[in-house]
Amino acid sequence: MNAATMEVGAVAAMRHVKDGIKAAKLVMQHTKHTLLVGQKASDFALSMGLPGPTNLSSPESMAMWSAWKDNHCQPNFWRSVIPIDDCGPYHATQSFRQTPAICSTRNLMGAIDQGSSHISLYNHDTIAMAVIDKMGDIGVGTSTNGASFKIPGRVGDGPIVGSSAYADNEIGACGATGDGDIMMRFLPCYQVVESMRLGMEPALAAKDAILRIAKRFPDFVGAVFAVNKNGVHAGACHGWTFQYSVRSPDMKDVEIFTVVP
């Protein structure tokens, strides 16, 4: 995302092309669109000169997948389906036509029993980064391979503007990581930037965005970092200890900051 022009480029469910973040930048620079997905995103990236098609599987990832299959595809992201303890194919436990049309107000404003039981520090690989150049222009981007053992076709929060990243030259920037399926429902990075616009310091804006999610999903796992246009930064997290790194012109090396829930 270019915070000077508010232009955005993104790709999702793109296969056989390694450089997802470069493909996203090409979408921003060479199209009038914001998001391309699936095989057509791959075709676009290859047509723009990115290397491929490439086999993105590694011996390590194949071994993990084989072990997961041997464990009857457990854990996974399915719910209310049969079979519950095998690899499928899956079917709804109750036919849609047989489901009564009932609208319940239970838990309408309270916490929701739907945690992040399959998301942890070790099974996803989101990287979000914000950069402020010497002219004060801000850029922000996110790259991820998604959650391990996700359902094919799943798109997480990585390519969703305002969820995994957001920036505005007038205010600052935000990046996020964690359970994207939950976090994208709240657009936490958009919330962080808008809170800073209203006068919140980065630390309070980051904490407020995380608490909004935790109020409804107490078991979710996630974190955000916030930085204003002057370079003041902070982070907030829930469900894990979060670390982010910072480098500025007056630093000799990268400094790592640790944030506790």
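Helices and strands are DSSP runs, numbered from the N terminus. On that basis, the predicted model contains 6 helices and 12 strands. The protein has 261 residues, and 36% of them are buried. Its exposed surface is about 15800 Å². Carbon and sulfur atoms supply 56% of that area. Among contacts with a separation of 6 or more, 54% join residues 24 or more positions apart.

One annotated position was examined. The unreviewed UniProt entry places the feature "active site" at Thr126. This residue is found in the loop between strand E4 (91–92) and strand E5 (127–132). Thr126 has a relative accessible area of 18%. The cut-off for burial is under 20%, so Thr126 counts as buried. Leaving aside residues up to four places away in sequence, Thr126 touches Thr142, Ser143, Thr144, Ala176 and Thr177. With one of these, Thr144, there is a polar contact between side chains, at 3.2 Å.

A second polar contact involves helix H5, where Glu194 is found. The side chains of Glu194 and Arg197 are joined by a polar contact of 2.9 Å. Glu194 is buried, with a relative accessible area of 18%.

The nonpolar interior was considered next. In soluble globular proteins, nonpolar side chains tend to be buried together. Here the largest nonpolar core holds 30 residues. Val192, Met196, Phe220 and Val224 touch the most other members of this core. Several elements each supply at least two of its residues. The strands among them are E6 (138–143), E7 (165–168), E8 (172–178) and E9. The helices are H4, H5 and H6. Helix H6 gives the largest share, 6 residues.

Aromatic rings were then searched across the whole structure, and 6 aromatic pairs were found. In one of them, the ring centres of Phe186 and Phe217 lie 6.0 Å apart. Their planes stand at 90 degrees, so this pair is edge-to-face. The two residues are 31 residues apart, and the pair links distant parts of the chain. Phe186 is in the loop between helix H4 (180–183) and helix H5 (188–197). Phe217 is in the loop between helix H6 (202–216) and strand E9 (222–228). Their exposure was also computed. Phe186 is partly exposed, at 26% relative accessibility, whereas Phe217 is buried, with a relative accessible area of 5%.

Another pair has a stacked geometry. The rings of Tyr244 and Phe257 have centres 5.5 Å apart, and their planes meet at 20 degrees. Planes under 30 degrees apart count as stacked, so the label applies to this pair. Tyr244 lies in strand E11 (residues 242–246). Phe257 lies in strand E12 (residues 255–259). The pair therefore ties together parts that are 13 residues apart in sequence. Tyr244 is buried, with a relative accessible area of 11%. Phe257 counts as partly exposed, at 24% relative accessibility. Both residues also belong to a cluster, in which ring pairs link Phe242, Tyr244 and Phe257.

Conventions: Residues numbered from 1 in each chain as written. Predicted model: local features only at pLDDT ≥ 70, side-chain atom pairs only at ≥ 80, totals over all residues. Heavy atoms only, no water. Helix = DSSP H or I, 4+ residues; strand = E, 2+ residues; numbered from the N terminus. Buried < 20%, exposed > 50% of the residue type's maximum accessible area, 1.4 Å probe, protein only. Contact = heavy atoms within 4.5 Å. Areas by Shrake-Rupley, 256 points an atom, 1.4 Å probe, with all protein chains shown as cover. Phe/Tyr/Trp six-rings, centres within 6.5 Å; stacked < 30°, edge-to-face > 60°. UniProt positions renumbered as here; feature names shortened; annotations may be inferred. Polar contact = N/O pair within 3.5 Å; in protein donor to acceptor, adjacent residues only side chain to side chain. Core = buried A, V, L, I, M, F, W, Y, C linked by side-chain atoms within 4.5 Å.
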